[in-house]
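Open the model in your viewer and keep the selection tool ready. Each stop below says what to pick and what is there.

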Amino acid sequence: MIAGAVGLLVVLAVPMLWALAYALGQGLDGAAWARLVDEPAFWRAWGLSLWTGISSTLIATGASACILSRAFPGSRWSALIRRVPVMLAVPHVAFAVGMVAWLAPSGWWLRMLSPWATGLTAPPPWTTTQDPWGLGLIATLTLKEIPFLLWMAATQLQRADTAQQWQRELELAQT
């Protein structure tokens, strides 16, 4: 049994260690970094990554704060928090695939509205899944991260002192 475990470890560890050593070697290669920086698409991809990451973070934080300020305390907050674990259980990839199925030019959202509401009889030439501004990615990241932020807020609001302070501040703001 031990020989089998050692054999399995060798079979798994040797390729992983080789790949790690190769990746570290490439990561320390200055010429590879120079080629990366000289790549014309690098700076656009870097900027788009920053744009989508920062935008989705700010929107998700603002939306979570808005939801929290309107729902806490009360029955709406309790009902929402009971649903959050279900939203957290959805894997990121499955959620992203579902968003593509909704937002694609031939997706479910447009099929529900066409042709009676939009007048479209064929998919429009919209760029939704490969959009140059990353709007689809921002929407997907935002919708996926809001439940995490609400869950983190719920963990803090379970503390009696935090919940009472929040409730006092909310009452003061409403006056």
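Start with α3, which gives the most to the nonpolar patch: 5 residues. Bear in mind that this is a predicted model.

Select residues 40-71 to show α3, then add 30-38 for α2. Each of these two helices supplies at least two residues of the patch.

Now show the patch itself. Pick Trp33, Leu36, Val37, Trp43, Trp46, Leu50, Ile54 and Leu58. Together they make a nonpolar surface of about 830 Å². Click on Ile54, one of these patch residues; Ile54 is found in helix α3.

Next, select residues 75-89, which form helix α4. How do α3 and α4 pack? Their axes lie 8 Å apart, at an angle of about 135°. An angle over 145 degrees would count as roughly antiparallel; α3 and α4 are therefore oblique to each other.

Zoom in on the contact between them. From α3, select Ile67, Leu68, Arg70 and Ala71. From α4, add Arg76, Trp77 and Leu80.

Finally, colour this contact of α3 with α4 by residue class. You should find 5 nonpolar residues, 2 charged and no polar.

How values were computed:
Residues numbered from 1 in each chain as written. Predicted model: local features only at pLDDT ≥ 70, side-chain atom pairs only at ≥ 80, totals over all residues. Heavy atoms only, no water. Patch = residues over 30% accessible without salt bridge, like charges linked within 9 Å, V, L, I, M, F, W, Y side chains within 5 Å. Areas by Shrake-Rupley, 256 points an atom, 1.4 Å probe, with all protein chains shown as cover. Salt bridge = Lys/Arg side-chain N within 4 Å of Asp/Glu carboxyl O. Helix = DSSP H or I, 4+ residues; strand = E, 2+ residues; numbered from the N terminus. Axes fitted to C-alpha atoms, helices over the stretch in contact; angles between N-to-C directions. Parallel < 35°, antiparallel > 145°, perpendicular 65-115°, else oblique. Contact = heavy atoms within 4.5 Å. Nonpolar A, V, L, I, M, F, W, Y, C, P; charged D, E, K, R; others polar.
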